[in-house]
Amino acid sequence: MAALFLSDQSEGPLKKIQKRIALRAPTPLSPLLLRRLQDSGADSGFWRTGKTDGLNQNMSGLKHHMSLPVSVGVLLVGLPYSISLAAQWLYGWPNKPGYKKYIEALKPRRIYCLTKAVLETLKYLQYGRLYFQWKSWYKNEENRKHYEKGITFGRRSNKLDLYHPPNVDRSKGVPAPLVVFIYGGAWGSGDRSIYCLLARQMAEELSATVICPDYFVYPQANVLGMVQDIADCLVWAQESGQKFNFDKDNIVLIGHSAGAHLCALTTLFLIDAREELFLEASQQRDVTLAIRGVIGLSGVYNVMDHYEHEQKRAVEYVSTMHKAMNGVDNFPYYSPTHLLKELSRDKLDRVPPFALLHGTDDIIVPVASSAKFCDLLTSLSVKVSLYLLPRVDHTEIVTDLMVPDRRFYHPIYSCIKQEYRKLLGAC
């Protein structure tokens with residue numbers, strides 16, 4: 001012990017410090033223990049990498065959880081509001097004063113109903129092939145043998161196309177009955193060239209001369225102007241029957257949608273001898289006597305009822321109907337239903353027979369429009385027939401009359417031909 005004590009005491013200060021440092025230094029790990037720690041991932045590099053990877057995974061998960069609500073929000077809120085506001089900006093804001101029109105435009109029900117109505121128009125893309133068919137047919141000069149193109153008529157110098165019946169020998173001089181087809185377009189659009197295939201097929205199916213006139217639409221004219229244009233077309237027919245070899249005293253009006261409304265309205269205005277038509281009394285009388293009947297395809301006959309239907313669909317402000325009729329106050333004036341109720345018994349006896357066709361799948365003009373009009377005509381002792389066509393919608397009832405391979409071509413023409421013969425007294 002003494003020797004040890006003496007030797008410790010004999011060491012210098014530097015040597016003592018070195019010993020203490022050596023005692024505090026970590027003991028080297030054995031190779032076996034080091035290998036086990038490395039296998040278990042206990043080295044410091046593993047922990048640094050693991051923490052980084054875990055952070056990245058947490059951030060990725062957070063982004064994923066945030067992107068889903070954002071996507072749903074864009075789909076359920078952003079898209080409908082964008083579509084609806086764009087439609088209202090293009091076609092008309094609600095008819096409210098000042099800032100109230102924007103409050104009305106932003107109501108959720110209006111936003112989603114109007115968006116649905118806009119998206120429903122995408123189904124018209126299915127008529128792309130038909131579009132190119134009529135475009136090509138109308139431009140083909142070889143088809144001019146079937147019709148007379150661009151005949152001027154009326155006070156506003158409108159144009160009409162006249163289609164000859166292909167199965168009637170014109171050289172014999174026997175005049176064919178006349179069909180006047182009035183296209184629709186919500187009182188704000190339309191062109192006679194679109195219906196060239198329909199007019200051509202109708203001339204063949206009915207063995208009739210078919211006239212398809214243009215008429216001024218909103219904003220170039222209001223509904224009264226449209227009625228005047230159609231009346232001018234009928235006056236032209238009275239004056240031109242001999243020239244084009246058709247029977248001016250056997251006329252059937254056929255109209256679709258707004259065109260059906262205009263056919264009915266023009267007929268009733270003529271019967272009522274309205275001064276606003278600016279036609280001579282003799283002209284109105286001759287035209288009235290020549291009209292054998294009216295065939296309406298998915299027509300609007302009670303304007304106020306249709307406006308309420310537009311309100312349910314939230315399209316009443318973007319629709320051209322109330323604009324073309326100069327406001328809601330004029331709906332009775334332009335409503336065939338209202339006019340019929342105002343006619344005397346003597347004038348009601350001069351109302352020609354009506355044939356009403358309507359598709360049960362029509363969401364643009366509900367089938368109740370034709371059904372109620374049929375009930376009214378029946379109650380007033382006016383001859384009427386009603387055909388409800390299963391699975392036919394608002395567009396198909398007219399587009400499917402254009403080419404024979406369309407799904408409802410034969411069923412619809414079967415109804416039209418039956419009523420057409422009755423109207424001409426062939427049945």
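# A guided tour, starting at T267

Select T267: this residue is buried, since its relative accessible area is 2% and buried means under 20%, with exposed over 50% and partly exposed in between (1.4 Å probe, protein chains only). What you have open is a predicted model, in which local features need pLDDT of at least 70, side-chain atom pairs count only at pLDDT 80 or more, and totals for chains, interfaces and linings use all residues. Residues are numbered from 1 along each chain as its sequence is written, and side-chain values use heavy atoms, with hydrogens and water left out.

**Stop 1: around T267**

T267 is part of helix α10 (residues 258-271). Helices (H or I, at least four residues) and strands (E, at least two) are DSSP runs here, numbered from the N terminus. Now add C263 to your selection: its backbone oxygen is 2.8 Å from a polar atom of the T267 side chain. That is a polar contact, meaning a pair of N or O atoms within 3.5 Å; within protein, one must be able to donate a hydrogen and the other to accept it, and residues adjacent in sequence count only if both atoms are side-chain atoms. Which residues is T267 in contact with, leaving aside its neighbours within four places in sequence? Show L253, I291, V294 and P352; contact means heavy atoms within 4.5 Å.

**Stop 2: zoom out**

Switch to a cartoon view of the protein chain, and you have 18 helices and 8 strands to look through. Of its 427 residues, 45% count as buried. Among contacts with a separation of 6 or more, 73% come from residues 24 or more positions apart.

**Stop 3: S335 and its company**

Next, pick S335, in the loop between α13 (321-324) and α14 (336-342). Is S335 buried or exposed? With a relative accessible area of 3%, S335 is buried. Its side chain has a polar atom 3.2 Å from the backbone oxygen of Y301, and the S335 side chain also reaches the backbone nitrogen of V303 at 3.4 Å. Not counting neighbours within four places in sequence, the contacts of S335 are L265, Y301, N302 and V303.

**Stop 4: rings**

Colour the aromatic residues, because there are plenty of rings to visit: the structure holds 18 aromatic pairs, where rings of Phe, Tyr and Trp (its six-membered ring) pair if their centres lie within 6.5 Å; planes under 30 degrees apart count as stacked, over 60 as edge-to-face and the rest as tilted. Go to W236 and F246: the ring centres are 6.3 Å apart and the planes meet at 35°, so this pair is tilted. W236 sits in helix α9 (residues 223-244) and F246 in strand β5 (residues 246-256), so the pair ties together parts 10 residues apart in sequence. Both W236 and F246 are buried.

Then move to Y301, which you met beside S335, and add F373. These two rings are stacked, 4.4 Å centre to centre with 10° between the planes. Y301 lies in the loop between β6 (291-297) and α12 (303-313), and F373 in helix α16 (residues 368-379), so here the parts tied together are 72 residues apart in sequence. Y301 counts as buried at 1% relative accessibility, and F373 counts as buried at 1% too.

**Stop 5: a ring cluster and a hairpin**

Select W137, Y138, Y147 and Y163, a cluster linked by ring pairs. Add K149, whose charged end sits over the ring of Y138, 4.1 Å from its centre. For that label, NZ of Lys or CZ of Arg must be within 6 Å of the ring centre and within 35 degrees of the ring normal. R274 gives another case, with its charged end over the ring of F269 at 4.6 Å from the centre.

Now show strands β1 (residues 147-153) and β2 (residues 158-163), an antiparallel pair with 5 bridges; strands pair if DSSP finds at least two bridges between them. One bridge partner to pick out is K159 in β2, opposite T152. The hairpin has 4 residues between the strands, and G154 takes a positive phi near 80°.

**Last stop: strand β8**

Strand β8 (residues 384-389) alternates: S385, Y387 and L389 point to one face and are buried, while V384, L386 and L388 point to the other and are not. Bring in strand β7 (residues 354-359), which pairs with β8 in the parallel sense over 6 bridges. To see one of them, select A355, whose bridge partner in β8 is S385.
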